[in-house]
Amino acid sequence: MSAAQRLILAVLLLPANAWAQRFELSGVVTVMRGDHRVDAGLGVERASGVLVGGATRLRHRGIALTLSGETGHLTAVRGSGGIDRDVSQVGAIAEFAPLPWLVLESGVTLRSFGTVVARQRWTLVRAGAEARVPLSGETFWAVGHAHLLPLVAVNGLPHAATAFDAGTGLAYQRGRLLFELAYTLERCDFPSQGSTRRSEQLGTLALGGGVLLRLR
Amino acid sequence: MTRRPAALGLALLLVFPTITAAQAGTAELLQQARQLYERLEIERALPILRQVVSPDWPLEVTNAQRVEAYKYLGAALVLRGKPDSAVLYFRAALERDAFADLDPAQFTPAQAGAFAVARRRTFSVGVRPIPETRIDPRTGRLTVTVVTTHAALLRATVRALGDTNYVVLYDGPNDGAREIGWNGLGPDGRLARPGRYDLSVVGRSRITTQADSLRMYLDLQHDVEPFEDTLPALGTGDVLPERYAESTAGNDLLKGLGVAVGALAVGSLLGNARLGTGREGPIMAGAAMAGGIAAFSYRRAHRAIPGNVALNDARRAARDAANAVIRLRNADRVARTLLLITPASAPAVRP
């Protein structure tokens, strides 16, 4: 059973009496433009493309759990020396909102880069925060987020020495409808191996739209 | 300092026995005259009775004592065969007290006849003194006994002092005593306001051309349960702002610009310089800037905060509903108001 499946099962097995209280369940479909760059000592390899996926989020008062998944194909940018790759990832993030505008987050992402040569599995553990301030009333929000990635494990590579992500975005909610545009830059610098220091960076611009359901 | 109270006490001691003796003197004299009359010693009774009604009589004589003296004078003169003089004294009694009457068990038919003649010749109206009365206007009423000495047209009204509108308690024919009532409502049909009231009785003889009137004053008070205070109007601290401040639009623009700058900063400051960044950051920056400008324009045109307006409306509605209930309870208290009526002037005063 994968980690994502275990998380979904955990959500389904929530105690029945918890449902007596108010829950918010949202589902979002995401279309994401990804720009992946890696320098493993042979120059910068670039690949970009579109990923599609979705996320579901269950919130009860200030606590929420988000499960997400995306998949897509990144095409090597001509002249950059890279090769095409398929990207798939699933993630789970637990959220806690100590303040109306601040959400503390921690989660894990399992990612797979598949090329004709090999398949690389990533495990990223992240912890950080997201700030949301109303941009126009209670419907339009300015969003900023930043996470440290204390653990980035990649098969065949040492753990990343420095890794973080950061980004900004806009969110819109009207009634049950949700829309979000978010830019995220994820950077991982691996320890030097000899004279080579591997660096990878994934920039995404995600456009999501979905619905919010209030459950009792 | 101690001499003044002592002197005052001495003066009171000297004055009080004089007053008491004066009243006792008249009463004793009347009692003596009555006993002489009953023993038919008319010649001895008459001077005493004349003495009591004489203006020269030095002792105090109450109206009731004077009326009593006139009645016995009249009765004595009937027994002496002087009915015309008797009628004059009976008239004097009736003029002072329209309720005056002869008890058929104590007086002869001839005396009653003379008294009846006096009644026909004299016209006066009277009102019995009203004791302190507490009435529930829903069920009770103030009862006033009025009288005319003979057949008359009688009109009794009550009005608040200074008010031009009045309530007619009775307007019609009358002969003798009659009970009239007031339900405590004003001319507008509402509960009479607290204050001083003027009860006026006007009579016009149907036998002679005489007319008589009298007036008495009543104090009216409401005896009502204390009212419950209504909830005060919502203050500034009780309601949410219903409009965004002037600066909100500018702040929204700044936030949009902040998101745009953040998007650019993430790429340029946090991105790996060796790897460079794509166009996602600038696209996000452009979108954020557009969003900020859109928010700025929207907020300039729409400063109302519908959610707060709805909440404030709900709070006002809740307050109004609570006040409506309180007003209902207060109205119920008003409906259960009792009227406390006390006489403000002792006997009726002829205007």
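Two strands count as paired if DSSP finds at least two bridges between them. I begin with that definition since much of what follows concerns strands and their partners. The structure before you is a predicted model, and I shall speak about chain A, then about the contact between the chains, and finally about chain B.

Let us start with the barrel. In chain A, 10 strands close into a barrel in the order 1-2-3-4-5-6-7-8-9-10, with antiparallel pairing. From one strand to the next, the twist averages 20 degrees.

I would like to walk along part of this barrel. Strand 4 of chain A, residues 85–99, runs antiparallel to strand 5 of chain A, and 12 bridges join the two. Here Asp86(A) stands opposite Gly114(A) of strand 5. Strand 5 of chain A, residues 102–114, also pairs with strand 6 of chain A, in the antiparallel sense and over 13 bridges. Gly114(A) appears again in this pairing, with Arg119(A) of strand 6 as its bridge partner. The connection between strand 5 and strand 6 of chain A is a hairpin through four residues.

One step further, strand 6 and strand 7 of chain A run antiparallel and are joined by 13 bridges. Within this pair, Ala129(A) has Ala146(A) in strand 7 as its bridge partner. These two strands also form a hairpin, this one with three residues between them. Which residue in that turn has a positive phi? The residue is Gly137(A), with a phi of about 65 degrees.

I turn now to the contact between the chains. Chain A contributes 27 residues to it, and chain B contributes 29 residues. Which strand of chain A supplies the largest share of the side that touches chain B? That is strand 10 of chain A, with five residues. By class, this side of chain A has 11 nonpolar, 10 polar and six charged residues.

The third topic is chain B. Chain B has eight helices and seven strands. Of its 351 residues, 28% are buried. Among the contacts in chain B with a separation of 6 or more, 69% are between residues 24 or more positions apart.

Please look next at two helices of chain B: helix 4, residues 83–96, and helix 5, residues 109–121. Their axes are 8 Å apart, and the helices pack at an angle of about 55 degrees. Helix 4 and helix 5 of chain B are therefore oblique to each other, and helix 4 passes helix 5 in a right-handed crossing. Among the residues that meet here are Phe90(B) and Leu94(B) from helix 4 and Phe115(B) and Val117(B) from helix 5. By class, this helix contact has nine nonpolar, no polar and three charged residues.

Finally, consider strand 3 of chain B, residues 142–160, which pairs with strand 1 of chain B, residues 125–127, in the antiparallel sense over three bridges. In that pairing, Gly126(B) stands opposite Val147(B) of strand 3. Strand 3 is also joined by 14 bridges to strand 4 of chain B, residues 167–182, again running antiparallel. A hairpin with six residues between them is formed by strand 3 and strand 4, and Gly162(B) in its turn has a positive phi of about 85 degrees. With strand 5 of chain B, residues 195–205, strand 3 shares nine bridges, and the two run antiparallel. Arg155(B) has a bridge partner in Asp171(B) of strand 4 and another in Val202(B) of strand 5.

Note on methods: Residues numbered from 1 in each chain as written. Chains lettered and ligands numbered in written order. Predicted model: local features only at pLDDT ≥ 70, side-chain atom pairs only at ≥ 80, totals over all residues. Axes fitted to C-alpha atoms, helices over the stretch in contact; angles between N-to-C directions. Parallel < 35°, antiparallel > 145°, perpendicular 65-115°, else oblique. Left-handed = near helix turned anticlockwise from the far one by under 90°. Contact = placed C-beta atoms within 7 Å. Nonpolar A, V, L, I, M, F, W, Y, C, P; charged D, E, K, R; others polar. Buried ≥ 20, exposed ≤ 12 C-beta atoms within 10 Å, placed from the backbone.
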